Amino acid sequence: MASKQKKTKITNEMSLYLRFLHQEGSVSVKELCRRYPKYAVRSIYRHAKKKISIKMPVDGRHSNAGRPTKMTIHDERHLLRRVKQLHSANIAFTVPTLRKDAGLQHVSTRTVNRYLNKNDYNYVQTRKKGLLSAKDKKKRVQFAKKVKKTLPDNFWRDSIAFYFDGVSFAHKTNPYNDARATKTMTWRKPNEGLHFTSRGKKEGNGGRMAHFFVAISYSKGTVLCKQYHESLTGEMFAEFIKTYFPQTFERCKDPTVKTFLQDGDPRQVSRSARTAMEEIGCRMFSIPARSPDLNPIDHMFHLVRKNLQRDALTKRIEKETFEEFSQRVKNTIKEFPAAILDKTINSLPKRITKVITTKGDRTKY
């Protein structure tokens with residue numbers, strides 16, 4: 001079946017001419033339709049029946065500028081400056097909050113919303129993962145193909161003694177209010193906040209950081225959770241290996257396995273750290289940079305953060321010292337269900353396959 005041909009729009013001049021032919025020249029509408037088939041029949045009938053006016057009608061559909069805006073040039077500049085200031089402080093905000101903060105109560109929320117859209121700002125999901133470069137993707141694919149070709153599926157369960165990583169949690173004086181605040185949406189430009197960083201997740205605004213070294217093992221759950229306060233350096237991590245790794249291996253499923261997995265943090269793979277590993281007789285299995293989806297312990301950290309927020313809401317923790325918060329984090333990590341960790345570790349062969357099919361891009365994990 002042939003598609004209908006799109007009819008031409010009748011201009012003001014043609015409209016006046018059709019009226020003249022029909023009303024003064026006694027040309028029927030049927031004849032007009034035959035003469036001008038490029039116009040729709042209903043349009044010809046409507047224009048031919050209009051009254052003839054000596055004054056040419058004006059098409060004002062595109063010339064009406066509407067009401068003058070209430071935002072001055074100064075207001076617009078101040079608004080954009082305030083958006084950048086809130087972003088630099090890593091504060092998520094809504095348009096009503098921004099309007100009040102910028103002192104634009106005389107302007108409607110819709111006006112501010114439309115001005116942000118005009119300047120390429122959109123209300124979208126916050127960035128939770130670091131940006132992957134083409135080099136990162138290539139390394140992830142090469143690693144996944146090598147693992148899939150040379151290692152069996154039970155490697156992650158039987159040949160890795162424990163999965164290790166460092167993690168930090170931000171202490172808030174009022175955890176209840178912080179847990180209630182929205183953290184999923186923010187105003188930003190499409191490419192804003194995309195930087196090549198070693199860390200994939202940012203903690204948020206404000207708060208003293210509680211730092212932990214954590215290790216998990218298949219069927220054993222958490223086998224190490226140690227808080228540290230000093231700066232993380234290669235020498236500090238080397239001493240940590242000598243002090244805590246021997247007893248951590250003893251707590252694992254098979255104490256004879258001396259291989260642990262961690263990411264490529266430069267401080268954790270320094271010369272002094274590698275020397276310490278050789279002294280205690282252990283080996284490191286390293287995954288590509290910016291690959292939290294290939295380390296089950298990162299999935300655990302994500303769930304621990306959710307548990308901490310849910311705990312603050314259910315128990316209505318409105319005041320908490322740094323020491324109390326640190327102990328709550330430690331208890332949450334130590335009591336994390338081993339069954340969830342085992343399920344995550346068992347999913348690693350699927351994750352490896354997914355990295356290959358997505359050509360090194362982020363996976364759903």
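Start with the whole chain and think about which residues touch which: among contacts with a separation of 6 or more, 77% are between residues 24 or more positions apart. Keep in mind that you are looking at a predicted model. Switch to a cartoon view and you can trace 15 helices and 7 strands. The protein has 365 residues, and 39% of them count as buried. Now turn on the surface: its accessible area is about 22,300 Å², and carbon and sulfur atoms own 51% of that.

**Stop 1: a strand and a helix that meet**

Select residues 162–170, which make up strand β2, and find Asp165 in it. Is Asp165 buried or exposed? It is buried, because its relative accessible area is 6% and the cut-off for buried is under 20%. Show everything Asp165 touches beyond its sequence neighbours up to four places away: Phe212, Phe213, Val214, Asp263, Gln268, Asn295, Ile297, Asp298 and Phe301. Pick Gln268 from that group and draw a line from C-alpha to C-alpha: the two residues are 103 apart in sequence, yet 9.3 Å apart in space.

Next, hop to Ile297, another name among the contacts of Asp165. Ile297 sits in helix α12, which covers residues 296–314. With a relative accessible area of 0%, Ile297 is buried too. Which residues does Ile297 contact, once neighbours within four places in sequence are set aside? They are Tyr163, Phe164, Asp165, Val214, Ala215 and Ile216. Val214 is worth a click, since Asp165 touches it and Ile297 does as well. One more line to draw here: from the C-alpha of Ile297 to that of Gly166, it is 9.6 Å, though their positions lie 131 residues apart along the chain.

**Stop 2: a network of salt bridges**

How many salt bridges does a search of the whole structure find? The count is 14. Select Asp311, Lys315, Glu320 and Arg328 together, as salt bridges link these four in a network.

Take the pairs in turn. Asp311 and Lys315 join through their side chains, with 3.3 Å from N to O. These partners sit in contrasting surroundings: Asp311 counts as buried at 17% relative accessibility, whereas Lys315 counts as exposed at 58%. Now move to Glu320 and Arg328, where the closest N and O atoms of the salt bridge are 2.8 Å apart. Here Glu320 is buried at 8% relative accessibility, and Arg328 is buried at 10%.

While you're in this part of the sequence, click Arg316. It belongs to the loop between α12 and α13, the latter being residues 322–334. Check its backbone angles: phi is positive, about 50 degrees, although Arg316 is not a glycine.

For another salt bridge, go to Arg157 and Asp158, where the closest N and O atoms are 3.7 Å apart. Asp158 is partly exposed at 31% relative accessibility, and Arg157 is partly exposed at 28%.

**Stop 3: patches on the surface**

Bring the surface back and color it by charge. Select Arg67, Lys70, Arg110 and Arg114, and you'll have a patch of positive charge. Arg114 belongs to helix α6, residues 109–118. Is Arg114 buried or exposed? It counts as exposed, because its relative accessibility is 56% and the cut-off for exposed is over 50%.

Now select Tyr17, Phe20 and Ile52 for a patch of another kind: this one is nonpolar, and the three residues together have about 290 Å² of accessible area. Follow Tyr17 into the cartoon and you land in helix α1, residues 12–23. Tyr17 is partly exposed, with a relative accessible area of 39%.

**Last stop: a loop after α6**

Finish at Asp120, in the loop between α6 and β1, the strand at 122–125. What is the phi of Asp120? It is near 70 degrees, which is a positive value in a residue other than glycine. Arg316, which you clicked earlier, also has a positive phi. As for its surroundings, Asp120 is partly exposed, with a relative accessible area of 42%.

Key:
Residues numbered from 1 in each chain as written. Predicted model: local features only at pLDDT ≥ 70, side-chain atom pairs only at ≥ 80, totals over all residues. Heavy atoms only, no water. Helix = DSSP H or I, 4+ residues; strand = E, 2+ residues; numbered from the N terminus. Buried < 20%, exposed > 50% of the residue type's maximum accessible area, 1.4 Å probe, protein only. Contact = heavy atoms within 4.5 Å. Areas by Shrake-Rupley, 256 points an atom, 1.4 Å probe, with all protein chains shown as cover. Patch = residues over 30% accessible without salt bridge, like charges linked within 9 Å, V, L, I, M, F, W, Y side chains within 5 Å. Lys, Arg positive; Asp, Glu negative; His and termini not counted. Charge placed at Lys NZ, Arg CZ, Asp CG, Glu CD.
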